[in-house]
Amino acid sequence: METDTKSDGVLTAGGLAPVLRHDLPASLVVFLVAVPLSLGIAVASGAPLAAGLIAGVVGGVVAGFLGGSVVQVSGPAAGLSLVVADLVITYGWRATCMITLLAGVLQLLLGLCRVARSALAVSPAVVHGMLAGVGVVIALAQLHVVLGGSPQRSAIENLIELPHQIIHNHTHAVFAGLLTIAVLVAWTRLPQQLRNLPAPLAALLVASVTAWALNWEVTRIDLSASLDSWAGPVWPQGDWHGIIGAVLLVALLAGVESLLCSVAVDKLHDGRRSDLDRELTGQGVANMVTGALGGLPVAGVIVRSTTNVRAGARSRWSTIMHGVWILLFAVGLGWMIALIPMEALAALLVFIGVQMVNMGHLRNLRGHSEVPVYVVTMAGVVLLGLAEGVLVGLGLAALFALRRLTRVTVRAMAEPDGRWHVVIAGSLTFLGVPTLTSELRAIPAGAAVDLDLNIDFMDNAAFEAIHDWRNEYERAGGTVNIDEIHDEWYSMAASGARVFPAKTPPRAPDRWWLPWSHRRNGQRTSRQPLLTARYAPRDDGPASPAVPDLLAGAREFHRRTAPLVRPLLHDMARGQEPSHLFITCADSRIVPNLITASGPGDLFTVRNLGNLVPRLGSVPADDSVAAAIEYATGSLNVRTITVCGHSGCGAMAALLSGGEKAAGLPAFGRWMRHGNHTLARFISGESAGEDDGPLDRLCRVNVIQQLENLRTYPQVDRLFRAGHLELVGMYFDIGTARVHLLEHPPAASRPL
């Protein structure tokens, strides 16, 4: 039995083999990536080095076991380093651990309340801008360490001090840092066999060995000092408002980063999707444990998670084992950390900080016009601080959302017949009233106006603007016909009914594919006219009834559809290049473009009673279908001929009745002689898959017979044998609105 990627990753009998084959190697790869990153983030946070390793162990074991994502890896996150560094300066390290513990309690409560998905409402532009700003701050601070100095308290101070630090740099420290960055940059260009070793680990190894071999004067990392000075968390001293704010900030930032990471990681694998509430609960427990043990805050980390997936992880055991490897390394091989130059670790952080400014995110946000939110958030984090920058970004994102929600477009167009067509789209609020009234008042007086409201909201100010204009316009002699395409905001408000929240009574959707009898005013009988009958004068006598449905349909086409398809049809005006010859029944219920989702230029269509294809040379002779076949295969070079039958076919019912239903219809009776081969096939007991009775079986068999009739045409047979033409049988079940593909030779039918 294999470990199921859709399970919770709990081992069952026989489940050890896939863990050893997939998760064990992946855990080793993630472990090699996690150790240097954990140490680096501890340095950037101003925390003891052991705190980074503790967070790595807890993030792997606790969050990995309890979390809701199968392959996400949690641990110390670079995005939280600025918050932790500020907390360490303000409250001290041990108090920061208590804040982390309390943040974990808050995350646990939020997860139990099942509010995790609400965190996804945070604009990605704000999140990515925050991470980019954190990356810039980390890079500027750690660049001073690379140069042999010490970072300043703010990004601005680091930037101002940088020229002086460059001039008075420490040569060996610079060499160690530049060598680390060079290895990180060059590693992606090496052969795959070498790149199996993670780039951060390789860079630190090269820098450490080189510094030891050349006896460079560099700063060494001392892990034992942080382990010896370990102490539990203490309650922070100071203003309780600030303490509560710090707890909220850590909980929300760590939670949002973890949840967004879970969603992103789900796109990288085909296994079980993340349970976000469980993930938030697991992160809360992990932060409680890491805070109690003196570790950094824990969050889901995209770099380690992506590495885990690409290394072949299938279950949460990869994440758990990577935490175990970090623990064993810290206990048994912690002395090796003393060989790493601090400047090399700082260079790794500079490289990570630069990578956090992801240009790919900018390209994605540009398509949604959210680049200003990204830039402002990043600048706010760099210049003001993390919390302030995030708040500024959220405020700007809210303003952008409000602007989009209140955006309204008004288009007024004069039709050739003198009517005016006005389309109002968007959300109609008081903010759009000036634009709305300006466009409406520009319409000449006395014209007939078709006003389409394609809106998702209308407030009272907008309603009064439209209603007052309509009354004034109609008093001046014009006419206004208002059509609400979606919700009936205007109609409900005009009737005095309550508009919000139950703004729209249920009604049939207004769509082009609905019959005329269903377009307006809900369900009607098939004989009820769409409009009041009008009369057209004739020269040879009294007025005769016109066809209101057709006229209304043509008017609707001109008003709504023609502007959309006009560019397409303009390109097709000189000729057609269909890919299919589509032979189907003349039955009014069959709409080829609807059941095939095809458009202008796709189908060369032949329709007749019973979708019959008279055999070549049959009597009575019929050249209409033969001419269409010749023209389609000879001039249009179609590559597929489809015969489409349907359920409840009247022609097949007449054939089944032995001519009784064709009595008194001589032409119809002669035409149905072309169905005799179908009838003989039916009498022989042949079937074309499952059917609902004799008539349905005859309708299906008829499609198969017409495909064979097509082969009696030499051009069709030659192209079919050469593999240049495909013959397809389709069957449309009207009652279920399902299209079936009929196999030939007949065996069964397959629903599409």
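**Exercise 1. Overall composition**

Task: Determine how many helices and strands the protein chain contains, and describe its burial, its contacts and its exposed area.

Solution.
Step 1. The secondary structure of the protein chain comprises 30 helices and 14 strands. These elements belong to a predicted model.
Step 2. Of the 752 residues in the protein chain, 47% are buried.
Step 3. Consider contacts between residues at least 6 apart in sequence: 71% of these join residues at least 24 apart.
Step 4. The exposed area of the protein chain is about 36700 Å², and carbon and sulfur atoms supply 62% of it.

**Exercise 2. Confidence along the chain**

Task: State the average pLDDT of the protein chain and identify where pLDDT stays under 50.

Solution.
Step 1. The average pLDDT of the protein chain is 82, and 87% of the residues score at least 70.
Step 2. Residues 504-510 form a stretch in which pLDDT stays under 50; for this stretch the model has 15 contacts beyond four places in sequence.
Step 3. Residues 521-546 likewise stay under a pLDDT of 50, and here the model has 30 contacts beyond four places in sequence.

**Exercise 3. A helix and its cover**

Task: Compare the span of helix α7 with the expected span, then find which of its residues are buried and what covers them.

Solution.
Step 1. Helix α7 runs over residues 171-187, which gives 17 residues.
Step 2. From its first C-alpha to its last, α7 reaches 24 Å, close to the 24 Å expected at 1.5 Å a residue.
Step 3. The buried residues in α7 are Ala173, Val174, Ala176, Gly177, Thr180, Val183, Leu184 and Trp187.
Step 4. The cover over these buried residues of α7 includes α5, α8 (192-195), α9 (199-213) and α15 (342-355).

**Exercise 4. Helix α29 and its salt bridge**

Task: Explain why α29 is described as largely enclosed, and characterise the salt bridge between Asp696 and Arg700.

Solution.
Step 1. Helix α29 has 17 residues and reaches 24 Å from its first C-alpha to its last, close to the 24 Å expected at 1.5 Å a residue.
Step 2. Because 13 of the 17 residues of α29 are buried, the helix is largely enclosed by the rest of the structure.
Step 3. Asp696 and Arg700 form a salt bridge in which the closest N and O atoms are 3.0 Å apart. These two residues lie 4 residues apart in α29 (residues 694-710), so about one helical turn separates them.
Step 4. Buried means under 20% relative accessible area. Asp696, at 9% relative accessibility, is therefore buried, and Arg700 is buried at 5%.
Step 5. Asp696 is also among the contacts of Ser647, which include Arg589, Tyr731 and Phe732 as well. Ser647 is placed in the loop between β11 (640-646) and α26 (650-656), and its 12% relative accessibility makes it buried.

**Exercise 5. Two further salt bridges**

Task: For the pairs Asp277 with Arg114 and Arg721 with Asp717, determine where the partners lie and whether each is buried or exposed.

Solution.
Step 1. The structure holds 9 salt bridges. In general, side chains of opposite charge can pair when their charged atoms come close.
Step 2. In the pair of Asp277 and Arg114, the closest N and O atoms are 3.6 Å apart. This pair links distant parts of the chain: Asp277 is in helix α12 (residues 276-293), whereas Arg114 is in the loop between α4 (93-112) and α5 (124-146), 163 residues apart.
Step 3. Asp277 is buried, at 11% relative accessibility, whereas Arg114 is exposed, at 60%.
Step 4. Arg721 and Asp717 meet in a salt bridge of 2.9 Å, N to O. Both belong to helix α30 (residues 714-721), and because they are 4 residues apart, about one helical turn lies between them.
Step 5. Arg721 is exposed at 64% relative accessibility, while Asp717 is buried at 17%. Salt bridges with shared partners join Arg711, Asp717 and Arg721 into one network.

**Exercise 6. A nonpolar surface patch**

Task: Identify which residues make the nonpolar surface patch and which elements give two or more residues to it.

Solution.
Step 1. Ile156, Ile160, Val376, Leu383, Leu384 and Val392 make a nonpolar surface patch of about 530 Å².
Step 2. The elements that give two or more residues to the nonpolar patch are α6 (155-167) and α17 (371-383).
Step 3. Ile156 is located in helix α6 and is partly exposed, with a relative accessible area of 35%.

Notes: Residues are numbered from 1 along each chain as its sequence is written. This is a predicted model: local features need pLDDT of at least 70, side-chain atom pairs count only at pLDDT 80 or more; totals for chains, interfaces and linings use all residues. Side-chain values use heavy atoms; hydrogens and water are left out. Patches are made of residues with over 30% relative accessible area and no salt bridge: like charges are joined within 9 Å, nonpolar side chains (Val, Leu, Ile, Met, Phe, Trp, Tyr) within 5 Å. Accessible areas come from the Shrake-Rupley method with a 1.4 Å probe; for residues, only the protein chains shown count as cover. A salt bridge is a side-chain nitrogen of Lys or Arg within 4 Å of a carboxyl oxygen of Asp or Glu. Buried means under 20% relative accessible area, exposed over 50%, partly exposed in between (1.4 Å probe, protein chains only). Contact means heavy atoms within 4.5 Å. pLDDT is the predictor's confidence in each residue, from 0 to 100. The expected span of a helix is 1.5 Å times one less than its number of residues.
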